[in-house]
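Trainee: Please take a close look at the charged pairs in this model. Set them in the context of the rest of the chain as you go.

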Amino acid sequence: LGSQGVANIIWAFAAVERTLLPETWEALEKELIAQPGALNPQDVSNILWSVATLEMQISEDLRSILEDQATALFPSFNAQNIGNTLWAFACLGISPEGELWKVAERVILKRIEGFYPQAIANTLCSAAKLNHRFLDPRVFAVLEGRARITLQEFSPQNVSNMMWSYATVGVSPTPAFLALIEERISAVACDLKPQEVSNLCWAFARLRRSHVGDVVLDALALRAISVAPAAKAQEVATILWSFARLTGALERSLLLPLADRLVTPAVARAMNGQDIANVFWAHAKCGAAMMPELRETLEDGVVRLCGKFKMQEVANTLWAYMMMGEIPPEEMLTALEREIEERQQEMKPL
């Protein structure tokens, strides 16, 4: 079959989002491991992208081979290969060794004119996920410059991933570039998916912008309302937290559809401690009245999940009740008190 044939098979399954059977993947892995030097740049990139897309388990032997081949072949990678490979490493939780990053950065600088929106967004997103600060400051500058040139071609996912990357590393785009990004978000807002809305709201809130344009905020709010019926628990909680932090207010037109989504049984069960604490915090921060059914849902969630709450989430939940001038129900308060007592060592001194 050969390495290229194996790579093509894996890529074909990933392209249609169809997971390989375990025995099929095992046989293909053995074929790749048996011919480690036969891979070309496209093969390496396609295999890594496919494995990450399908969220497949990868053996240590194949992982080592792919890392070594990526390092050796990176000078021959095109822009798409670079973006897909780094994105795959990030999704797989593989932090490339320093030498690979050095090679990657040199190649990015050399091939930047060939970078298109997805490659730009994937590269920035990968560095952010892996907590990698570019060793050569010129890399970030040329990626931003290329993004500025191609911004009108950015898809909703591209612009969402780019802004998420900026916020994750705590770097804000220049004011002029940010103004252009806001214009692009407003232009594609009607096509944003729930996760993209959530990521963009979080990014603006995380960067602590003193002022975000009303146009882009209105566009994100309208889209959040539209996608609320399909949003996941974390996405809803993040949107509420973000708007509370950005505007200090939760308009009923935004709050009600998001609250309705959170009380849906499947969504309510999917909430974690951070989601619950964020929703409480958002209401308290804005002084917004909480829908009784939502309050009951959140309080049940605290009792059910209290053992998994982080201390910051416990603190934020109690703070919210204090700000709302209310006392938690007895069962919920008892659960929180027990959790505080059992985990006192995690509490940070003031």
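Mentor: Start with Arg138, which counts as exposed at 53% relative accessibility, where exposed means over 50% relative accessible area, buried under 20%, and partly exposed in between (1.4 Å probe, protein chains only). This is a predicted model, in which local features need pLDDT of at least 70 and side-chain atom pairs count only at pLDDT 80 or more, while totals for chains, interfaces and linings use all residues. Residues are numbered from 1 along each chain as its sequence is written, and side-chain values use heavy atoms, with hydrogens and water left out.

The partner of Arg138 is Asp136: the two form a salt bridge whose closest N and O atoms are 2.7 Å apart. The term salt bridge covers a side-chain nitrogen of Lys or Arg within 4 Å of a carboxyl oxygen of Asp or Glu. Asp136 counts as buried because its relative accessibility is 18%, so this pair joins a buried acid to an exposed base. A search of the whole structure gives five salt bridges, and two others deserve a description.

One of them involves Arg146, which is placed in helix H8. Helices here are DSSP runs of H or I with at least four residues, strands are runs of E with at least two, and both are numbered from the N terminus. At 15% relative accessibility, Arg146 is buried. With neighbours within four places in sequence left aside, the contacts of Arg146 are Ile112, Glu113, Phe115 and Ile120; contact means heavy atoms within 4.5 Å. Glu113 appears among those contacts and is also the salt-bridge partner of Arg146, with 3.8 Å between the closest N and O atoms. Helix H8 spans residues 137-150 and holds Arg146, whereas Glu113 sits in the loop between helix H6 (98-111) and helix H7 (117-129), so the pair ties together parts that are 33 residues apart in sequence. Glu113 is exposed, with a relative accessibility of 62%.

The other is set within a single helix. Glu26 and Lys30 form a salt bridge in which the closest N and O atoms are 3.7 Å apart. Both residues belong to helix H2 (residues 22-34), and their spacing of four residues is about one turn of the helix. Glu26 is partly exposed, since its relative accessibility is 44%, and Lys30 is exposed at 53%.

Now the charges as a set. The protein carries 31 positive and 41 negative side chains, and the centres of the two sets are 5 Å apart. In that count Lys and Arg are positive and Asp and Glu negative, with His and the chain ends not counted; each charge is placed at NZ of Lys, CZ of Arg, CG of Asp or CD of Glu.

Covalent links between cysteines can be dealt with next. The count of disulfides is zero, a disulfide being a pair of cysteine sulfur atoms within 2.5 Å. Cys190 is in none, and the nearest cysteine sulfur to it belongs to Cys201, 16 Å away. Cys190 is exposed, its relative accessible area being 56%. Cys286 is likewise in no disulfide, with the sulfur of Cys201 as its nearest, at 13 Å. Cys286 is buried, at a relative accessible area of 18%.

Two loop residues stand out by their backbone angles. Glu55 is not a glycine, yet its phi is positive, at about 55°. Glu55 lies between helix H3 (41-53) and helix H4 (60-73), in the loop, and is exposed with a relative accessible area of 71%. Asn131 also has a positive phi, near 55°, in a residue other than glycine. The loop between H7 and H8 holds Asn131, which is exposed at 64% relative accessibility.

The chain that carries these features has 19 helices and zero strands. Its C-alpha atoms fill a box of roughly 65 × 45 × 40 Å along the principal axes. Of the 350 residues, 52% are buried. Among contacts between residues at least 6 apart in sequence, 77% join residues at least 24 apart. The accessible surface is about 16900 Å², and carbon and sulfur atoms account for 51% of that area; areas come from the Shrake-Rupley method with a 1.4 Å probe, and for residues only the protein chains shown count as cover.
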